[in-house]
Structure formats: C-alpha cells, structure tokens
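Reader: I would like a close look at a single part of this model, its pockets. Please take me through what lines them, and then through the strands.

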Amino acid sequence: MKKTTIIVLLAITLFSCKKEEKIENTAQKPQVSATPATNSEASSTEINWDDIPDLQDIGNFPFITAPDGLKIANEKDGVSEFFDYETMENYNGNSINSTEGKLGILVFEGAEGKDFNQKLFDKSVYDYLDKIGAKKLYKGDFPEDENQRAKLEKNSWTGKHRTSGLLRESDAPFAVYAFKNNGKKYIVNIQSNSAQGSVFIMELKDFVQTIKKYSAEQMKIDIDKTGKAILHINFDTDKATLQPEGQKITAEIFALLQANPNLKLSIEGHTDNSGTVAKNQKLSLDRANTVMYDLAAKGIDIKRLKATGFGSEKPLKENNTEANKAENRRVELVKI
C-alpha cells in the first residue's frame, strides 16, 4: 500500500473517532432549561375569579378552626384580630395583587400549655384548604425581587393584642389560596414558623365612601346642639390659602349665615403641635381670617363675624399620631 493511501485512511479513522466522541459527550450533557428552577408553585399573573371555585357547605367567615393540639390566640368570633376594612398584598408567584375588604387574622399557638407544633399546623391547614377545593395560587419562599419583598412586608397590621403580618424568614415559607362562597370572594395567606402559625383571610369588598359633605344644615344642627361646628377645612400646607375642597366648605358656611340672618359666629383656628408656638398661633389666626374675609367677600356683613387663632393650645386629641394631628388641625364655628 502506498504511503499516501495509508495517511488518508489514518486521517479518516481519527476524524470518525472524534465525531463519535463528540456525539457521546453531547448526549451525556444535561439539558439546561430556559426558565430558572424554583421551589415555588405559581399561577398566572392575574387572578381570574371565573376560574376560582365557589365552595359550598364550608361554614361561615373565617371558615378555619383550630385542630386538636392547637388553639387560636385571643379568639373572639373565630379570629385573633379583626379589621372591618384593610388592604392586603397577595403574591401569586409572578406578581403582587392588592385586595381590600374585611380582614380576619388567626394566630395559632399550642393548646393546654403545649408548645406550638409547626408540622401539625401546616399539615392541618393546607390539607383542609386543599380538600375543600380552595385554589392554591402560590406556595413557597419570599420572592427574590426586592420590590416585591417590600410590598409583601406591607402586610403588617396592629390590632388589640399584637402586630401581625408576613415575615421574611428563611424557615417561614408561605402560601396564598383563593375561593368564593355565597357570591363573595376570599383570599387567604398562610405562614408558620417554629413559634406560631398565622392565617390572614380577607373577604374582598370595594371601598364605599360614606363621608357626606358637611352641609349648612348639619352645621346648624351641631351649633344648636353644642354651640359650635367643627370643620376640617383644606388649606395649603403651612399656609392660609384655601384649597378647592376648602372653598366648598366656606360656601356652606355662607349658606348657613344667609339662611340664619341673626346668627353671629366666632371663627376659631386650631393647629397641631408641629412647629413653634408662635408660628402655630399666627397660622391658626391667618386661616381664621381667610375664612372670615372669604365670607365677607361673598356678601356676609363682617360685623357678624370675628376671627381668633388658638394655635395648638386646645387639641381635640393627643398629638401622638398623624391621624390625631389631622383631627387637631381644624376651624371651629362658635356661636356668639
């Protein structure tokens, strides 16, 4: 055999061996998924309530009781804490949806002096919800995304006995379920750790505005009954300039004075305790004057009016929360 022929055959043989080795290595290499693996169970991005089961014969709100060996702490009407209206953030594995409505919080602890049993809690609650047919939207750890984590941590509510909410803990995965019952929609968040188990159940309900405009008629009723009407008039921050909603209230005061020509009023301004005493006194007087001169500009005889500022001297409530401070920022119409 010629030397050239031998070299060609050897090259072909080596090429074939390399090709077979490449094919074998490719077959042994694991396939990588385009989607990262996760230890959670997730559903679609939005809750489609048409796909959520309508459960029957499951009792009444909050639908969950304590299994043997556990109890609901500070239990009253089946819950540990109750809020007539709240908001709740719900994670479904992809996104977070906000819901609003009445919220019941059930805090589970050991019964009859026993320690809390996390395995008993998890097995009992999850098995119950699965068996009655509630739809599991998510079960797993807190999401990795920091924005989503921050939203979920808004699930914190302070009640009569404690502050409860979802906790970002390594040993405390949580789950989210949804179901319907008697035409109402429910979202349930469940979480446990070695110390306690928590169930947050919300009956969804759209917010309904029940505050009515403080009318001239209601002002007259209050003045006849107590000698004064308390108004929360909207001014620009740290200024005496009326905002549009504040102008609507002064229009009602004008109507009150027009309908009652013998009525004389002392318009008294009040602030919270933010800022100095001198600043608050001046601001309260300026705001009282703004109301008085607005009424005079509308045609009310200024002799029927006087303006006084008390600053923060006469709070309605202690200035220890933002809500209380808002109550103290007011204008009172006092009958002269």
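Author: **The pockets and strand E4**

The largest pocket holds about 440 Å³ of space. A pocket here is an open set of points on a 1 Å grid over the protein atoms alone, where a 1.4 Å probe fits, with protein on both sides within 12 Å along at least five of seven lines; lining residues have an atom within 4 Å of a point. Grid points are joined across faces, edges and corners, and the volume is the space filled by probe spheres set on the points.

This is a predicted model, in which local features need pLDDT of at least 70 and side-chain atom pairs count only at pLDDT 80 or more, while totals for chains, interfaces and linings use all residues. Residues are numbered from 1 along each chain as its sequence is written, and side-chain values use heavy atoms, with hydrogens and water left out.

The lining of the largest pocket has 22 residues, and those nearest its centre are Ile233, Phe235, Asp272, Arg287 and Arg329. At least two lining residues come from each of strand E12 (265-270), helix H6 (277-298), helix H7 (322-328) and strand E14 (330-335). Helices (H or I, at least four residues) and strands (E, at least two) are DSSP runs, numbered from the N terminus. H6 gives the most to this lining, with five residues. By class, the lining of the largest pocket has five nonpolar, nine polar and eight charged residues. Ala, Val, Leu, Ile, Met, Phe, Trp, Tyr, Cys and Pro count as nonpolar, Asp, Glu, Lys and Arg as charged, and the others, Gly among them, as polar.

The second largest pocket has about 280 Å³ of space. It is lined by 10 residues, with Lys212, Lys213, Tyr214, His232 and Ile249 closest to its centre. Helix H5 (residues 244-259) supplies the largest share of this lining, three residues.

Now the strands. Strand E4 (residues 96-110) has 11 of its 15 residues buried (under 20% relative accessible area, 1.4 Å probe, protein chains only), so the rest of the structure largely encloses E4. Strands pair if DSSP finds at least two bridges between them. Strand E3 (residues 81-91) runs antiparallel to E4 and is joined to E4 by nine bridges, with Phe83 opposite Leu103. E3 and E4 form a hairpin with four residues between them, and Gly93 in the turn has a positive phi of about 100°. E4 also pairs with strand E10 (residues 197-204) in the antiparallel sense, over eight bridges; there Ile105 stands opposite Phe200.

Technical notes: Buried means under 20% relative accessible area, exposed over 50%, partly exposed in between (1.4 Å probe, protein chains only).
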